[in-house]
Amino acid sequence: MQQIGKVITEMNQLKNLTGEEKERIKKQIEEEDKQLVLEILKTNAQLKKDKIKRLFEENSLINTDLQKATFNNYTPTNNDLQKALQVAKRYVETFDIKEPRNLLLYGNYGTGKSHLSVSITKALMEKEITSIFISMPKLHTTIKNTYNRKDKTESDIMQGLEKIDLLVLDDIGAESDTDWAIQKLFEILDSRQGKHNIFTTNLNEEGLEEHLKARNYSRIMYKTYPVKMTGKDYRLGDK
């Protein structure tokens with residue numbers, strides 16, 4: 001209200017001025033209006049980013065040691081991992097919400113598959129892309145826990161996973177391979193067709209197909225770029 005009152009006062013003052021002074025004041029008012037609009041847009045953008053971050057933090061099932069993961073603190077120890085880092089960064093740079101693309105990061109333990117996946121989500125959230133990172137074993141536990149609750153249902157979880165811009169399904173293959181688990185994964189993958197996804201696994205492509213069965217494996221590999229990550233387990237300090 002004070003800003004509006006100020007503008008009205010300045011507009012009234014223009015009636016008593018002519019020539020250069022009137023033009024100068026008009027330009028000053030226009031510049032102040034532009035600055036006000038820019039401040040509002042900047043504030044709104046920050047509020048949106050904060051909301052996206054809260055969405056990620058409240059819904060992701062992520063280990064505490066991964067919460068600080070970024071591209072800057074990922075250290076590739078061989079050519080495979082250097083290539084994986086470059087692919088991950090390129091994925092962020094070329095991300096287009098209208099052209100869904102998937103990544104499959106696969107290889108042995110401790111090579112940074114989850115680290116790079118979290119780094120991608122953080123970089124994309126800065127671009128106002130909504131993301132969720134889900135550990136598959138934890139997801140199954142979370143779904144089962146809803147069966148004894150009324151405040152949160154399995155349907156709530158599944159709908160949330162369906163609507164997000166980018167979904168990371170981490171550690172596929174570490175969960176059980178029961179009919180129930182395979183069916184839940186199928187439902188998620190089916191709902192995510194035509195959207196961006198990242199999958200990580202410690203299995204090789206043959207082992208992944210055997211674990212998932214043909215139907216799920218086919219959905220995971222559709223429009224998916226596989227990235228092999230092999231190396232020593234840096235979590236054991238064996239770089």
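Over the ring of which residue does the charged end of Lys144 sit? I looked this up to open the notebook, and the ring belongs to Trp180, with the charged end of Lys144 4.9 Å from its centre. A note to self before going on: this is a predicted model.

**Entry 1: charges and rings**

I then turned to Arg215. Its charged end sits over the ring of Phe186, 3.6 Å from the ring centre.

Next I looked for rings that pair with each other. A pair of aromatic rings is described by the distance of the centres and the angle of the planes. My search of the whole structure gave one aromatic pair. The partners are Tyr91 and Phe95, set edge-to-face, with 5.9 Å from centre to centre and 70° between the planes. I checked whether they are buried or exposed, and both Tyr91 and Phe95 are buried.

**Entry 2: the whole chain**

I stepped back to see the overall plan. The chain holds eight helices and five strands. Reading from the N terminus, I wrote down the order α-α-α-β-α-β-α-α-β-α-β-α-β. The chain has 239 residues, and 38% of them count as buried. I also looked at contacts between residues at least 6 apart in sequence: 82% of these join residues at least 24 apart.

**Entry 3: the sheet**

How are the five strands ordered in the sheet? I traced them as 2-3-4-1-5, an open sheet with parallel pairing. Strand 2 (131–135) and strand 5 (224–229) are the edges; each has a single partner strand, so one side of each has no neighbour in the sheet. On average, neighbouring strands are turned by 15° against each other, direction ignored.

I picked one pairing to follow. Strand 3 (residues 166–172) pairs with strand 4 (residues 196–201) in the parallel sense, over five bridges. Helix 8 (residues 205–221) packs on the sheet and touches strand 1 (102–107), strand 3, strand 4 and strand 5. The direction of helix 8 makes about 175° with that of strand 1.

**Entry 4: one residue, Leu167**

I chose Leu167, which lies in strand 3. Its bridge partner in strand 4 is Asn197. Is Leu167 buried or exposed? With a relative accessible area of 0%, Leu167 is buried. Leaving aside residues up to four places away in sequence, I found that Leu167 touches Ile132, Ile134, Leu161, Ile188, Arg192, His196, Asn197 and Ile198. I took the C-alpha distance for one of these: Leu167 and Arg192 are 25 residues apart in sequence and 8.4 Å apart in space.

**Entry 5: two helices**

I moved on to helix 5 (residues 136–145) and helix 6 (residues 154–163), whose axes are 8 Å apart and which pack at an angle of about 140°. That angle makes helix 5 oblique to helix 6. Which residues meet here? From helix 5 I listed Leu139, Thr142 and Ile143, and from helix 6 Glu154, Ile157, Met158 and Leu161.

**Entry 6: two positive phi values**

Most residues other than glycine have a negative phi, and most peptide bonds are trans. I therefore looked twice at Asp171, which is not a glycine but has a positive phi of about 65°. Asp171 is in strand 3 and is partly exposed, with a relative accessible area of 24%. Lys213 is not a glycine either, and its phi is positive at about 75°. Lys213 is in helix 8; it is partly exposed, with a relative accessible area of 46%.

Notes:
Residues numbered from 1 in each chain as written. Predicted model: local features only at pLDDT ≥ 70, side-chain atom pairs only at ≥ 80, totals over all residues. Heavy atoms only, no water. Phe/Tyr/Trp six-rings, centres within 6.5 Å; stacked < 30°, edge-to-face > 60°. Buried < 20%, exposed > 50% of the residue type's maximum accessible area, 1.4 Å probe, protein only. Lys NZ or Arg CZ within 6 Å of the ring centre and 35° of its normal. Pairing = 2+ DSSP bridges. Helix = DSSP H or I, 4+ residues; strand = E, 2+ residues; numbered from the N terminus. Axes fitted to C-alpha atoms, helices over the stretch in contact; angles between N-to-C directions. Contact = heavy atoms within 4.5 Å. Parallel < 35°, antiparallel > 145°, perpendicular 65-115°, else oblique.
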